[in-house]
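Notebook open. I wanted to look up how the ligand is held and what packs behind it.

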Amino acid sequence: MMAASVRATFRLFQPLRPVPPMRIPLRQPTVPGRTTVARTMGVLPLPFFSKPRDFSLPNSSWGPEMVRLYEHYNSQCEVEREGGEKQKGPWKRLPSYNRVLKYATGGVYLSKLIQSKARLFTRNIKEPGASFEYVLFDNSEEQKCVGILQAGHLLEGPPGFVHGGAIATMIDTVTGAHATLLSGPVMTANLNINYRSPIPLGSTVVLESCLDKKEDKKTFVTCKVTSSNGSKLHSEATALFVSISVCKILDGV
Ligand SMILES: CCCCCCCCCC(=O)SCCNC(=O)CCNC(=O)[C@H](O)C(C)(C)COP(=O)(O)OP(=O)(O)OC[C@H]1O[C@@H](n2cnc3c(N)ncnc32)[C@H](O)[C@@H]1OP(=O)(O)O
């Protein structure tokens, strides 16, 4: 059951929504007249099921370019046909939470899997706009995934420019999410980056991940990082993701 829950994490990111409160079967009988921990746990406490914040939605720190690009792709997630009927568009926005497994499993196994304080690296700074502000869109027909990133002041490397490691992180994030959508659970085996021109701190860039090829357990993708209007190439990368079994994740790899 645990493996199935984690497997769900990788299924189109949809299971990242919180599951509704559930009653956990208790193995040991409760002692009458005593408020046991087990009895209290019979219904999971509400905080486990509070609505998680979706960090990929616009916030007040987003600049005009970030908003423009978000609206460009978001408007293509749902298209209106003649007669006003709405239907799915070519792009799909991927929600993004700062704790993945909690929301995939309803939090039931969280403490067994990871420390309770664990947070997704790219979503662990609370101040909006300070570090990675980003949103991912997937186009399954074109086998493309696009990330729009606004790089905040805490990502500085060379004075006034984004740190190379932060750029690598974002490339890994976009290509990793893309490879997961294409192939299920994967891990980065190789990431090769050419840094062509520095990214000014505070600017918005576009990361475009494209499927190169799939060979058995291996998914090869390419990624380009460009300025928001596409005129400048900042970085280009190739990445190899190797499929892993869910059991491997649960065993701590
Ligand atoms: C839903 C959430 C989405 C979040 C998105 C964020 C994405 C973030 C992704 C990450 O950051 S993952 C963290 C960084 N990566 C790691 O820590 C991975 C550490 N390495 C491993 O765990 C293993 O080495 C790995 C899983 C990558 C491969 O081990 P396996 O034992 O499964 O692979 P195996 O030895 O069976 O090799 C399978 C194929 O891959 C090839 N291969 C494996 N590692 C390679 C490598 N490093 N370079 C080139 N080829 C490699 C290998 O030669 C072979 O090719 P062939 O099938 O053609 O023989």
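I started at Lys 218, where a polar side-chain atom sits 2.7 Å from an oxygen atom of the ligand (I take a polar contact as a pair of N or O atoms within 3.5 Å). The protein covers 51% of the 1200 Å² of accessible area that the ligand has on its own (Shrake-Rupley method, 1.4 Å probe).

Before going on, I noted that this is a predicted model, with pLDDT of at least 70 needed for local features and 80 or more for side-chain atom pairs, while totals for chains, interfaces and linings use all residues. Residues are numbered from 1 along each chain as its sequence is written, and side-chain values use heavy atoms, leaving out hydrogens and water.

Next I checked Asp 172: a polar side-chain atom there is 2.7 Å from a ligand oxygen atom. At Ala 189 I found a backbone N or O atom 3.0 Å from a ligand nitrogen atom.

Then I looked up the shell: 15 residues surround the ligand (a heavy atom within 4 Å). Its largest share, 4 residues, comes from α6 (helices are DSSP runs of H or I, at least four residues; strands are E, at least two).

What does α6 do elsewhere? It gives 8 residues, the most, to the largest nonpolar core, which has 24 residues (buried nonpolar side chains joined through atoms within 4.5 Å, buried being under 20% relative accessible area with a 1.4 Å probe, protein chains only). Leaving aside neighbours within four places in sequence, I listed Phe 132, Tyr 134, Leu 149 and Leu 207 as contacts of Met 170 (heavy atoms within 4.5 Å).

Definitions and conventions:
A polar contact is a pair of N or O atoms within 3.5 Å; within protein, one must be able to donate a hydrogen and the other to accept it, and residues adjacent in sequence count only if both atoms are side-chain atoms. Buried means under 20% relative accessible area, exposed over 50%, partly exposed in between (1.4 Å probe, protein chains only).
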